[in-house]
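Visitor: Could you take me through one part of this structure slowly, and then show me how that part sits in the whole? I am in my first year, so please go step by step.

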Amino acid sequence: MSKRPLFAFLVTILSIFVLSMSVVSIQAQEEEAEPEVLPSPTPAIAELGTGGTHISFWNGLTGSDGVTLNEMLAQFVEENPDISVTTEIVDWNTLYTKLQAAFVAGQPPELILLHASEIAQFASYGVLKDLSSWYSDGGGWFPVDDLSATTYDGMIYEGVPYGIPLDNHGRGLWINTDAFERAGVDPDMEPPTTYEGWVELFQQLTLDVNGNNAASPDFDPENVAQWGFAVGEWPFVNWYSVLHQHGGSMLSEDGTTATVNSPESILALQQFVDLVYTYNVSPPAAGFDTWAGFAAGNVAVLPTGTWFRNFAVLQTDINWKAWPQLQFGDQKATWFGIHTFMVPATLEGEKLEAVERLIQWVSEHQVDWASSGQVPARLSAQAQLDPETYPTNILLGQTFTEYGVLEPKHVAMLELRAAIEPELGAALNGQKSAEEALNDAAERMQQALDRVN
Amino acid sequence: MSETTGTVPKSAVARPATSRLHLPLSLSAREALAAYLFLTPFMVFFLIFVVRAVITAVNMSFYDWQILRPGQLYVGLDNYVELFNDYVWWIAVKNTIVFTALTVFGTTVVALAAAVAVTQPIRGQSVFRVILYMPTLLSVGVVGLIWVWLLSTQFGIINYLLSFLGIRPINWLGDEALVIPALSLTTIWWGFGFPMLIFIAGIQSIPDQLYEAARIDGANGWQLFWYITLPLLRPTILFVTVTGVISHFQVFGQPFIMTGGGPGRGSYTVIYYLFEIAWRAFRMGYGSAVAVSLAVIIAIFTAIQFRLIGRRVEY
C-alpha cells in the first residue's frame with residue numbers, strides 16, 4: 001500500500017471513531033431537550049403565574065419530584081393570582097454553592113427547599129428566619145401534633161424552628177419479584193431480621209451465568225448474571241441505618257467527638273464489605289449503576305430511596321414490590337431526611353406574607369406530593385394516602401415515623417459528611433479495611449469538630 | 001463634485017496633519033504609549049476581575065474565612081501548615097499530576113498525529129479536520145455522561161468490544177489504578193481538536209523547500225518528520241504543552257461528573273478538593289490556601305517546561 005492511501009485509511013478510521021462518539025454525544029444533547037421523554041425532564045427554571053408579588057424559589061429537586069412540585073405550584077398560583085413564582089432547580093451541591101454566594105451578595109431567593117440536616121449550618125450563620133410563629137405552639141397555622149416527634153425535632157436548632165417540613169424521604173428495599181422467582185425464592189416471604197438471614201437470602205438470589213447461586217460450591221463469582229444485592233447507591237445512608245441498628249452513632253451526644261470508629265460502626269461497615277468480598281452477593285460500590293442494573297433485571301434487592309418510585313413505575317418493566325430497610329443489627333433503625341422549606345432572615349412585608357401563603361397551601365396539599373414518591377411529612381396526609389396508588393409511600397412512611405433516624409444536628413454537618421463518604425467508598429471498593437477507613441474518617445471529622453466547637 | 005471640492009478651504013484639508021497630537025516624546029516612547037493605550041481596556045478588566053481576585057484569594061488564605069460568617073479570624077500561615085499536613089491534599093496533588101502528565105502527553109501525541117495526517121494531500125481533507133475537531137465543541141457534562149456509559153462495566157460498548165478479545169469487563173471508573181487513565185482518555189478524546197489546529201498551523205508554516213531539499217538528499221517520510229517537522233514544531237509543542245499543563249492541572253468537571261472523586265478518593269483532584277473544602281465545608285480561607293498552592297505548583301511546572309523545551313526552541 002502506498003503512503004497516501006495508508007494515510008487516508010488511518011484518518012478515515014480515526015474520523016469514524018471520533019464521529020461516532022460525537023454523534024452519540026450530540027444526539028444525547030438533543031435528546032435532553034425533547035419534551036416527550038418519560039418521565040418529563042425537570043425544567044431548570046419554571047415561571048409560574050403572572051401575579052405582581054413575585055417569589056423566587058430555589059430547590060434541588062432534579063428528579064421527577066421537581067416536576068410534581070412545579071405542578072402543585074402551578075395550581076397554587078392559579079388559586080392565588082396575585083402571586084407569581086419562579087422555581088429554579090439545581091443539583092444539591094450546586095445549590096449550596098449558589099446559596100452561599102446569594103446570601104453574601106444580599107440577594108437570596110425568597111424561598112429555599114433544603115434538608116433538615118442543613119438547618120443547623122445555615123441557622124448558625126443567622127441567615128434563616130425564625131418560623132416559630134407559624135407553628136401552632138407559637139400561635140400559628142401549622143399543627144405541631146400533625147408531625148412525628150422526630151420530624152418536628154428536625155426543624156429545630158437551639159430551641160427555634162427554622163423550617164416547615166414538606167416530606168419524609170428515606171430508604172427502603174425494592175424487590176424484583178421475577179428475580180426472586182428465577183432463584184426459586186418466594187417473593188412473598190417475610191424479610192429476614194438478622195444479618196445471617198439476609199446473607200443467606202442474598203446468596204440464594206445471586207446467580208452466575210450457569211444458574212448456580214452464591215451458596216453453591218460451583219458458583220462462579222467472575223460471571224454473575226444476577227446480583228442478590230447492590231451496595232453502591234449512597235453507602236452513607238445504608239451504613240448510617242445499620243450503625244444505629246447496632247446502637248452506634250456518628251457523634252457523641254454533646255457533638256464534640258467523632259464516634260464513627262466505634263466497634264458498632266466498624267461492624268456495620270464490615271457487614272456491607274463482606275457482602276461484596278466474602279459472600280460475593282453484591283458488585284463493588286464503584287462502577288456499577290444500581291438503578292440501571294435493577295431496570296435490566298440484574299439486581300434482585302435494591303436498597304434505595306422513596307424517590308425511586310417514579311423511576312420504577314415509569315422506566316422499568318420489572319415486577320416489583322417494596323420492603324422496609326434491611327435489618328442487620330438488634331434494633332430497628334432506618335435513615336431518613338426531610339425536605340424543608342426555609343425562608344431568608346431578611347424577608348419581610350408583602351413577600352413574606354406571600355411566601356407564608358405558599359408554604360401553607362403546599363402543606364395543606366401534601367397528599368398530592370406523594371405522587372413524587374416521597375412521604376408527606378404531615379401524619380394526616382400520610383393517613384389519607386390510597387394504599388393501591390401509594391403502597392411504598394405508606395409502607396416506608398410508617399418505618400420513618402416508627403424508627404427513623406435523622407442525621408445529627410451539627411453546624412459542620414456538610415463537612416462531616418464530606419469527611420466520611422469517601423472513606424466508606426474506599427472500604428466498599430477494597431482500598432482500605434473497614435477499620436482503617438473509619439479511623440481515617442474519625443480523624444478528619446475530629447479535626448472539623450475541634451475547629452468549630 | 002468639483003464644486004464641492006472647490007469649496008473646501010485649504011485649512012480644512014490640512015487639518016488631519018495639523019490636528020495630530022504632538023507630544024514631546026521620542027518615536028519609541030510614542031509607540032509605547034500607543035501600545036499601552038490599546039492595552040488599557042483589557043488591563044482595566046484584568047485588574048478588576050483577575051488581579052483583584054488573586055490578591056483577595058491570597059489575603060483570604062491567611063484567614064479562617066467562612067463565607068457566611070460576619071467577621072473573619074486571622075490565622076497567619078495556619079492554613080498552609082494544615083494543608084501540608086493534610087493527606088487528602090497530597091492524594092489530590094498526586095492524582096492531578098498523574099492526570100496532567102497522561103493527558104498532556106496523550107493530547108500532544110494524538111493532536112500531532114492527527115495534524116500530520118490531515119495536512120497530507122488526501123481527498124476530503126477539510127471534512128476530516130471538521131470531524132476530528134467536533135468533540136471539542138461538546139460540553140464537559142455531555143462528554144462525561146457519555147463516557148460513563150461507554151466505559152460502563154454493565155452496558156459499555158468498550159467492554160463489549162473487549163469481550164471479543166476474551167477480556168473480562170474492566171471496571172474503568174471503579175478501579176483505583178485505572179480511574180485516572182480513564183479520565184485522561186476521556187479528556188484526550190474531548191480536547192485534542194484544538195491543539196490539532198495549532199499543530200496544523202505550525203506544520204503549514206514550515207517552508208516546503210526544506211522538505212524538497214531533504215527529499216533530494218534521499219530522506220524518507222519518517223526522516224522528514226523526525227528531522228524537519230518535529231524540530232521546527234518545537235515552539236508549537238511548547239505552547240501546546242504549557243497551555244495543556246496549566247489547563248489540565250485545573251481539571252474538575254470530569255471527576256465531578258464521572259466519578260464523584262471516587263472510588264474512595266481515587267480521582268480526587270486539586271480543584272475537586274478545593275470545591276469540597278470551599279463550598280461543602282464552607283472553608284473559604286483553607287480553600288484559598290489550596291488555590292494559591294496550586295498556582296505555585298503550576299508556575300513551577302511551567303518554569304520547568306520552559307527550561308526543558310524552551311531553551312531549544314528557535315522562533
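**A close look at I198(B)**

Guide: Let us begin with one residue and its company: setting aside neighbours within four places in sequence, I198(B) is in contact with T236(B), F239(B) and V240(B). Keep in mind throughout that this is a predicted model. I198(B) itself belongs to helix α11 of chain B, which covers residues 193-204. Is I198(B) buried or exposed? The answer lies in between: I198(B) has 18 C-beta neighbours inside 10 Å, so it counts as partly exposed. A residue needs 20 or more such neighbours to be called buried.

Take V240(B) from that list of contacts. Along the sequence, I198(B) and V240(B) are 42 residues apart, yet their C-alpha atoms are 7.8 Å from each other in space.

For a contrast, look at S163(B), which is found in helix α9 of chain B, residues 157-163. S163(B) has 11 C-beta neighbours inside 10 Å, and therefore it counts as exposed. Its C-alpha atom and that of R30(B) are separated by 70 Å, with their positions 133 residues apart along the chain.

Now let us follow the helix that spans residues 234-248 of chain B, called α14. It packs with α17 of chain B, residues 284-308. How do we describe such a pair? Two packed helices are described by the angle between their axes and by the distance between those axes. For α14(B) and α17(B), the angle is about 165° and the axes are 10 Å apart. An angle over 145 degrees counts as roughly antiparallel, and α14(B) and α17(B) are therefore roughly antiparallel to each other. The crossing of these two helices, α14(B) and α17(B), is right-handed.

Which residues do the touching? On the α14(B) side they are L238(B), T241(B), V242(B), V245(B) and I246(B), and they meet I298(B), F301(B), T302(B) and Q305(B) of α17(B). Sorted by class, this contact between α14(B) and α17(B) has 6 nonpolar residues, 3 polar ones and no charged ones.

Another detail of chain B is in its backbone. The peptide bond that leads from G262(B) to P263(B) is cis, and its omega is near 5°. You can find P263(B) in the loop that runs between α15 (253-258) and α16 of chain B. To see what makes this worth pausing over, remember that most peptide bonds are trans, and that most residues other than glycine have a negative phi.

That second habit of backbones takes us over to chain A. W234(A) has a phi near 50°, a positive value in a residue other than glycine. W234(A) is in the loop between β10 (224-226) and α8 (235-245) of chain A, and it counts as partly exposed because it has 18 C-beta neighbours inside 10 Å. N280(A) also has a positive phi, of about 55°, although it is not a glycine. Its loop runs between α9 (263-277) and α10 (290-295) of chain A. With 21 C-beta neighbours inside 10 Å, N280(A) counts as buried.

Let us step back to each chain as a whole. Chain B has 17 helices and 2 strands, while chain A has 17 helices and 16 strands. The radius of gyration of chain A is 24 Å, close to the 22 Å that the globule rule gives for 453 residues, so chain A is as compact as a globular protein of that length. For chain B the value is 27 Å, where a compact globule of 315 residues would have one near 20 Å. Along the principal axes, the C-alpha atoms of chain B fill a box of roughly 90 × 70 × 45 Å; for chain A the box is roughly 75 × 65 × 50 Å. Of the 315 residues of chain B, 33% count as buried, and of the 453 residues of chain A, 49% do.

Finally, see where the two chains meet: 40 residues of chain B are in contact with 40 residues of chain A. On the chain B side, the elements that give two or more residues are α6 (87-118), α7 (125-133), α8 (140-150) and α16 (270-280). The most comes from α8(B), with 4 residues. By class, the residues on this side of chain B divide into 23 nonpolar, 10 polar and 7 charged.

How values were computed: Residues are numbered from 1 along each chain as its sequence is written. Chains are lettered from A and ligands numbered from 1 in the order in which they are written. This is a predicted model: local features need pLDDT of at least 70, side-chain atom pairs count only at pLDDT 80 or more; totals for chains, interfaces and linings use all residues. The radius of gyration is taken over C-alpha atoms; the globule rule is 2.2 Å times the number of residues to the power 0.38. A residue is buried if 20 or more other C-beta atoms lie within 10 Å of its own, exposed if 12 or fewer, and partly exposed in between; C-beta atoms are placed from the backbone. Two residues are in contact if their C-beta atoms, placed from the backbone, lie within 7 Å. Ala, Val, Leu, Ile, Met, Phe, Trp, Tyr, Cys and Pro count as nonpolar, Asp, Glu, Lys and Arg as charged, and the others, Gly among them, as polar. Axes are lines fitted to C-alpha atoms, for helices over the stretch in contact, and angles run from 0 to 180 degrees between N-to-C directions. Angles under 35 degrees count as roughly parallel, over 145 as roughly antiparallel, 65 to 115 as roughly perpendicular and the rest as oblique. A crossing is left-handed if the near helix is turned anticlockwise from the far one by less than a right angle, and right-handed if clockwise.
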